[in-house]
Amino acid sequence: MSYTNWFRQHGNKHQAILQKLHHLTDEEIIEYFRFDNMVKNEPDFCLLYAENKKCHEMKNLNCYLCACPNFRFNDAGFRQEANKTLYSYCTIDSAEGDQFTTDEAIHQNCSGCTVPHHERYIRQHFSRDWFEIMKAVPSPI
Ligand code: SF4
């Protein structure tokens with residue numbers, strides 16, 4: 001699946017949940033997106049939920065800002081780096097982030113980074129509109 005398709009599909013799922021939760025306060029919405037609750041009540045939100053598996057082994061994992069506002073992608077590629085095409089990167093160059101490379105491609109690897117999963121971070125960037133928070137993520141070249 002392309003980045004663009006995943007981004008649209010995931011944002012639409014987020015939006016549908018938010019419509020259902022419109023009567024809750026912002027803080028209650030953030031609480032609703034805690035992993036333990038999401039696994040039980042929103043099984044289709046993440047593929048890992050079927051296995052009751054977290055994307056990151058951390059206490060109090062919150063799924064509200066999956067993917068991450070600091071992620072940038074372009075399905076056509078941003079530029080060439082050492083004969084490989086760069087398709088995604090992290091704007092804050094997080095120390096917990098990494099790159100996944102193949103013979104032809106470079107992708108941002110967020111598997112070790114917990115930045116967007118902390119509730120303090122989510123409160124700082126909170127909006128009920130996931131597409132608004134993530135508006136810079138699909139990036140032009
Ligand atoms: S490395 Fe961390 S901060 Fe950077 S895009 Fe990935 S999850 Fe976000």
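A residue counts as buried if 20 or more other C-beta atoms lie within 10 Å of its own, as exposed if 12 or fewer do, and as partly exposed in between. Keep that scale at hand for the faces of β6 and for several single residues. The model on your screen is predicted.

**Stop 1: the whole chain**

Show the cartoon and colour by secondary structure. The protein has five helices and six strands. Trace the chain from the N terminus: the elements run α-α-α-β-β-β-β-β-β-α-α. The radius of gyration is 16 Å, close to the 14 Å that the globule rule gives for 141 residues, so the protein is as compact as a globular protein of that length. Turn the C-alpha trace along its principal axes and it spans about 50 × 30 × 25 Å.

Two totals belong to this view. Of the 141 residues, 18% count as buried. Among contacts with a separation of 6 or more, 51% come from residues 24 or more positions apart.

**Stop 2: the sheet**

Select β2, β3, β5 and β6. These four strands form an open sheet, in the order β2-β3-β6-β5, and the pairing is mixed. Which strands stand at the edges? They are β2 (79-81) and β5, each with a single partner strand, so one side of each is left without a neighbour in the sheet. Neighbouring strands here are turned by 40 degrees against each other on average, direction ignored.

Now zoom in on β5 (98-101) and β6 (105-109). They form a hairpin, with three residues between the two strands. The pairing is antiparallel and runs over four bridges. Show side chains to find the partners. Q99 has Q108 of β6 as its bridge partner. D98 stands opposite N109, also in β6.

Move to the other neighbour of β6. Strand β3 (residues 84-86) pairs with β6 in the parallel sense, over two bridges. Select L86 and look across: its bridge partner in β6 is I106.

Stay on β6 and compare its two faces. Which residues make up the covered face? I106 and Q108 do. A105, H107 and N109 make up the uncovered face. Two residues from the covered face have already appeared as bridge partners: I106 for L86, and Q108 for Q99.

**Stop 3: P116, just past the sheet**

Follow the chain out of β6. P116 lies in the loop between β6 and α4 (119-124). Is P116 buried or exposed? P116 is buried, because 22 other C-beta atoms lie within 10 Å, against a cut-off of 20 or more.

Select its contacts next. Leaving aside neighbours within four places in sequence, P116 touches L65, C66, C68, P69 and Y121. Then draw a distance to R34. P116 and R34 are 82 residues apart in sequence, yet their C-alpha atoms are 12 Å apart in space.

**Stop 4: the ligand**

Select the ligand and its surroundings. The shell holds 13 residues, and the closest are C68, C90, G97, C110 and C113. One of these, C68, was also among the contacts of P116. By type, the shell divides into eight nonpolar residues, four polar and one charged.

**Stop 5: a cis bond and two positive phi angles**

Go to A67, in the loop between α3 (35-41) and β1 (71-73). Show the backbone atoms here. The peptide bond from C66 to A67 is cis, with omega near 15 degrees. C66 is another of the contacts of P116.

Step back along the chain to N52, which also lies in the loop between α3 and β1. N52 is not a glycine, but its phi is positive, about 55 degrees. N52 counts as exposed because 11 C-beta neighbours fall inside 10 Å.

Next, select D93, in the loop between β4 (88-90) and β5. Phi of D93 is near 50 degrees, again a positive value in a residue other than glycine. How many C-beta neighbours does D93 have inside 10 Å? D93 has 8, so it counts as exposed.

**Stop 6: H22**

Finish at the N-terminal helices. H22 sits in the loop between α1 (3-20) and α2 (26-32). With 8 C-beta neighbours inside 10 Å, H22 counts as exposed. Draw one last distance, to R128. The two are 106 residues apart in sequence, while their C-alpha atoms are 8.9 Å apart in space.

Technical notes: Residues numbered from 1 in each chain as written. Predicted model: local features only at pLDDT ≥ 70, side-chain atom pairs only at ≥ 80, totals over all residues. Near = placed C-beta within 6 Å. Nonpolar A, V, L, I, M, F, W, Y, C, P; charged D, E, K, R; others polar. Rg over C-alpha atoms; globule rule 2.2 N^0.38 Å. Contact = placed C-beta atoms within 7 Å. Pairing = 2+ DSSP bridges. Axes fitted to C-alpha atoms, helices over the stretch in contact; angles between N-to-C directions.
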